[in-house]
Amino acid sequence: MAFTPAPAAAQEDGTSLDVREFTCPLGGASFNQDVGYYAFPLLTMPDGSWLGDYETGVQIPVCPNNGLVLLPDLTPAEDEDADGNQPMRYLAYSAPELAALPALIADPEYHALKSDGGYAQAWWIADKLGHSPLSRFMLLQRSTWATRDPALRKKLVARFADHAPALVAQFPQEDMRKHYSQLLIVNALRELGRFDEALVYLDAIDFEAAAYEPIGSILLYGEKLRLAIAQRDDGRFAAETLPGRMVGEICGGGMAVVYGPTSPATKASCKIRRDREEQEERDRKAAYELRDDIPALTRKCADVPPPQRGGALILACDLLQDDLERIAANELTKDGRALAAKCDASDEESRDEAMRQACFNYASAIKRALGEQLPDDPEAFALFCGEEATGGGADEDFWLPSACVRAEISLEHRKVERLLADPATLAGLCAREEEVSKNDVRLDAILSRTCLSYELDQERAAIANLASDVAAFDCACGKFRKTNSAGNEVYGLSEAQTECRNAWRLRENDKARAAAEAKGLKCFNDASYSPDRPRCVSPEKYALEMAPAVDDGPDPFDLSYFNEGSSLMEVAHLRAAAIIAEAKRIGRRPDEL
């Protein structure tokens, strides 16, 4: 598990990561403080923290002469450092706030919070100064992360549970952080053992009242919390809410040095989760075995009522039903015009699952057609895929990226093909690749891929020349006799040895293939540089092995409706052309397909 410096406590070994110079707004004293620490940003724990965030308290600079804390700006930022991290930024106190600060930092309540950590004091100051509900919520949340002491953690979580609900209630419905923040409050109540309160709060969250559709991971987190509450799991991290890769670490006590010992309730929940997941894995394997005989499975699903099905049969029948719906959707796509008319005349709620899938396929085909037409029309490409066109963010923008990505890939492929068609010019560009593509990320990507392809072609040509020219091979490779015929278990070869070994293999494989074909055998196209000779068999056996698989019925994963010339793609191209024409007429991309 790799940890990365997060611009977000000085390390226990004394390593400095992000030393900043600060000026205290009261008194003007200058001081340095390291506000960086190591964290693992690719894994989020159930309380919203990253691994390593128990050090997050060092992000709060403290004036050495009067104990005033400086407030971090926790709103998302666009600036990143060379490693892709966002450097921590700090707020400047306003003139009225500066006037209020002397009385605030003299308050005994502020001093009493010092032992609770810098984030607790920062929250208190921000609360007294009337900062935004979101800012106060985030300060309060981070205060709970900044400790490995179980007793202090309970105290901080209790404060969070008491004050956070009123803050989240002030978040606007369109704020996508609202539901997640509410679930963090449920999690806090659970950790405190206030299970009845946690369940009441969870049941009161109105996911449908939001101005956006909650993402699946948020809804799933709610269900996991419901399980943890039912199991009365009051651990710092409830077993049911843990990311999969952390279950073994927390349940096995491997993170006790970081987060304290795993609670008895969490250990009991760990066993419940482990037993369930092991049973689910057994059911999954059994379900796929049942799918080996689709006719028999179809009969079972028809004969056994859902309440009487075991876990394996439930999964197998669900998968079978998914297949049947995909097959039905594929049938609908065979008549593109009829499908387009039906999709245009209906809405999502009125369609059955097969029609919903078929209309999704139709929309995907339109995106594909747009992606194929836009590269040939610079004006349209700019309207759909230029910076102004893709800088939105509204729901209707979500259909656009796939069309633009396809168009951009097509344009890049054309550039690559043009470069490959002129080997002399390409050789010069590749020799100066770093200089040519400097400060142009896209050109760098294109040139890197093209030069790699060019270099591989050159290598293959050199190997083929050695394999076909006995004198050249003997001159260049005669000194490598031991490694020429060595298998793949011999590695660590020089470039020259590798080239000669591949040339030897190519020559020997070509010889074996020619000898076999002279006897009337047919050979499979095994890798040219394989250490094993080609497999050659009788024409009859070759034909049998190369024959297409026996058709055992409609393929639910058949995507042939995306093939050029299909009925679906024909109507999709017509719609794409109409969309492009409309965009040119109104001078911007349309809001929807």
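The legends below describe close-up views of a predicted model.

**View 1. Arg-194 and Asp-162 form a salt bridge.** The closest N and O atoms of this pair are 3.6 Å apart. Arg-194 sits in the loop between helix H6 (178-191) and helix H7 (195-204), while Asp-162 belongs to helix H5 (residues 150-168), so the salt bridge ties together parts that are 32 residues apart in sequence. Arg-194 has a relative accessibility of 26% and counts as partly exposed. Over the whole structure, the search finds 34 salt bridges. Side chains of opposite charge can pair when their charged atoms come close.

**View 2. Glu-240 and Arg-276 form a salt bridge.** Here the closest N and O atoms are 2.8 Å apart. The pair links distant parts of the chain, with the two positions 36 residues apart in numbering. Glu-240 lies in the loop between helix H8 (216-230) and helix H9 (244-251), and Arg-276 lies in helix H11 (residues 264-290). Is Glu-240 buried or exposed? Glu-240 is buried, at 3% relative accessible area. Its partner Arg-276 is partly exposed, at 29% relative accessibility.

**View 3. Lys-271 and Asp-275 form a salt bridge within helix H11.** The closest N and O atoms of Lys-271 and Asp-275 are 2.6 Å apart. The two residues are four apart in helix H11, so about one helical turn separates them. Asp-275 has a relative accessible area of 35%, which means that Asp-275 is partly exposed.

**View 4. Salt bridges join Glu-348, Arg-351, Glu-353 and Arg-356 in a network.** Two of the linked residues are glutamates, Glu-348 and Glu-353, and they are joined with the arginines Arg-351 and Arg-356.

**View 5. Helix H15 (residues 353-373) crosses helix H25 (residues 567-586).** Two packed helices are described by the angle between their axes and the distance between the axes. The axes of H15 and H25 come within 8 Å and cross at roughly 60°. That angle makes H15 oblique to H25. The crossing of H15 past H25 is right-handed. On the H15 side, the residues in contact include Asn-361, Tyr-362, Ala-365, Ile-366 and Ala-369. On the H25 side, Leu-568, Met-569, Val-571, Ala-572 and Ile-579 are among them. By class, the contact of H15 with H25 has 13 nonpolar, three polar and three charged residues.

**View 6. Helix H16 (residues 378-385) packs on H25.** The axes of H16 and H25 are 10 Å apart, at an angle of about 80°. The two helices are therefore roughly perpendicular to each other. H16 contributes Glu-379, Ala-380, Leu-383 and Phe-384 to the contact, and H25 contributes Ile-579, Ile-580, Ala-583 and Lys-584. The contact of H16 with H25 has six nonpolar, no polar and two charged residues.

**View 7. Asn-361 is placed in helix H15.** The relative accessible area of Asn-361 is 3%, so this residue is buried. Which residues does Asn-361 contact, leaving aside its neighbours within four places in sequence? They are Ala-329, Asn-330, Thr-333, Tyr-561, Phe-562 and Leu-568. Leu-568 also appears in View 5, among the H25 residues that meet H15.

Key:
Residues numbered from 1 in each chain as written. Predicted model: local features only at pLDDT ≥ 70, side-chain atom pairs only at ≥ 80, totals over all residues. Heavy atoms only, no water. Salt bridge = Lys/Arg side-chain N within 4 Å of Asp/Glu carboxyl O. Buried < 20%, exposed > 50% of the residue type's maximum accessible area, 1.4 Å probe, protein only. Axes fitted to C-alpha atoms, helices over the stretch in contact; angles between N-to-C directions. Parallel < 35°, antiparallel > 145°, perpendicular 65-115°, else oblique. Left-handed = near helix turned anticlockwise from the far one by under 90°. Contact = heavy atoms within 4.5 Å. Nonpolar A, V, L, I, M, F, W, Y, C, P; charged D, E, K, R; others polar.
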